[in-house]
Amino acid sequence: MGMENHVRDRYTEGATKVVEALCCPVSYDAGLLKILPKEIIDRDYGCGDPSSYVQKGDTVLDLGSGGGKICYMAAQLVGEGGQVIGVDMNDEMLALARKYQDDIAKQLGDDRVVFHKGRIQDLALSLDRVSQYLAENPVTDLASADAFDSWMAAQRAESPMIEDESVDLVISNCVLNLVDDEMKWHMVEEIFRVVKPGGRIAISDIVSDVMVPQELKDDPELWSGCISGAFIESEFIEMFSSVGFTGVAFEKWDEKPWQVVDDIEFRSVTLTATKPLSSVHEEHIEQGHGVIYRGPMAVVEDELGNVFPAGVRIAVSKQVFERLGMAPFADQFIRLAPKNLPEPTIFTASPGTVRHPTETRGGDALQKSGSGCGPTGCC
Ligand SMILES: C[S@@+](CC[C@H](N)C(=O)[O-])C[C@H]1O[C@@H](n2cnc3c(N)ncnc32)[C@H](O)[C@@H]1O
């Protein structure tokens, strides 16, 4: 089980008393902390504030919710009708988070937060349900072990703890680094699975500036202390882009390292990204759309290999046209749609193909998400 047992022991201690070594200084919105008990605020083991990305009405999933601080902050931001789900694998952390649930629900006017016991690399399997199953069906021989395996497979497929495409925003505060390296890819795929198309992620975590050597990774104190399991900064964005997220960016990158160990800098970053409305495997549609990248870079390229030289009208598929109208791209592109949309065909233009101005002339020039200039040219 790699480092998981060390991580569990460390955060059992962290739930019952304040462990200074696990604290990375963060300044949160004081207004959102007012309704939180001191016991939860004190057991803050985060390294950033992903709650600032929460919007009204969101269904939010907090990975590694610990004492529940970020969940209860998010609950105030989602408002009535929103929902917050916290997932943690540690019983003591879950007990701390759940201890104040009724009290906070009373203050908010309803109970919009739920905590599940689960591993963030396996969001389909509820460990609460696993415990219940094992209490009723102890594994004592090969036959009962096979039955347990089949039961887990059925749980994941038929009644996952977190359903496919059910979450508007996944947040996490200093947890992903704690997952064993061999499970990190699967964890990122799990995050992609549960986000709705058009949904977002905001992950605060620790990155290293160079590769962490194996002897540091093998040190349980450094690993469970959110240090040696850190992602390498150059691979962090790449991992999220590879599973299909778009607009993956470091929204925050602390200049000052949190720790320096053996001349390696470990710092806090916050990564944000969006899940595209359409799958990359979907056939792209040609309907005469174009975009102009505003600059100031000479040229930019997206995750699909589309290239956009500044100021040039570039042919794009309907899907790319829609994607570039969403955050964080919307302000960087002028989007051009033909006056009369032609019948859809399959988009075959190679990256960087120029769209002749006459193809989109007279149509809507969308300057920003939601705003457009009419055919008269009047904005
Ligand atoms: C550094 S603390 C952060 C807690 C919380 N996010 C905060 O801001 O205070 C890490 C938390 O992640 C949990 N955790 C670590 N690995 C996990 C995993 N693989 N699955 C679920 N929870 C995990 C720990 O139990 C602990 O509560």
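A salt bridge here means a side-chain nitrogen of Lys or Arg within 4 Å of a carboxyl oxygen of Asp or Glu. Keep in mind that we're looking at a predicted model. Going by that rule, you get 25 salt bridges. Here's a quick tour of a few of them.

**Asp122 and Arg156**
- These two side chains meet in a salt bridge, with N and O 2.7 Å apart.
- Asp122 sits in the loop between strand S3 (113-117) and helix H7 (127-136), while Arg156 belongs to helix H8 (residues 142-158), so the pair links parts 34 residues apart in sequence.
- Asp122 is buried at 13% relative accessible area, whereas Arg156 is partly exposed at 34%.

**Arg200 and Asp58**
- Arg200 pairs up with Asp58 in another salt bridge, and their closest N and O atoms are 2.8 Å apart.
- Arg200 is part of strand S5 (195-208) and Asp58 is in the loop between helix H3 (38-42) and strand S1 (59-63), so this contact ties together parts 142 residues apart in sequence.
- Both Arg200 and Asp58 are buried.

**Lys184 and Asp181**
- Lys184 and Asp181 form a salt bridge too, at 2.7 Å from N to O.
- This one stays inside helix H9 (residues 181-194): the partners are three residues apart, or about one turn of the helix.
- Lys184 counts as buried, with just 4% relative accessibility, but Asp181 is partly exposed at 32% relative accessible area.

**A shared-partner network**
- Glu4, Arg8 and Arg119 are joined into one network by salt bridges that share partners.

Conventions. Residues are numbered from 1 along each chain as its sequence is written. This is a predicted model: local features need pLDDT of at least 70, side-chain atom pairs count only at pLDDT 80 or more; totals for chains, interfaces and linings use all residues. Side-chain values use heavy atoms; hydrogens and water are left out. Helices (H or I, at least four residues) and strands (E, at least two) are DSSP runs, numbered from the N terminus. Buried means under 20% relative accessible area, exposed over 50%, partly exposed in between (1.4 Å probe, protein chains only).
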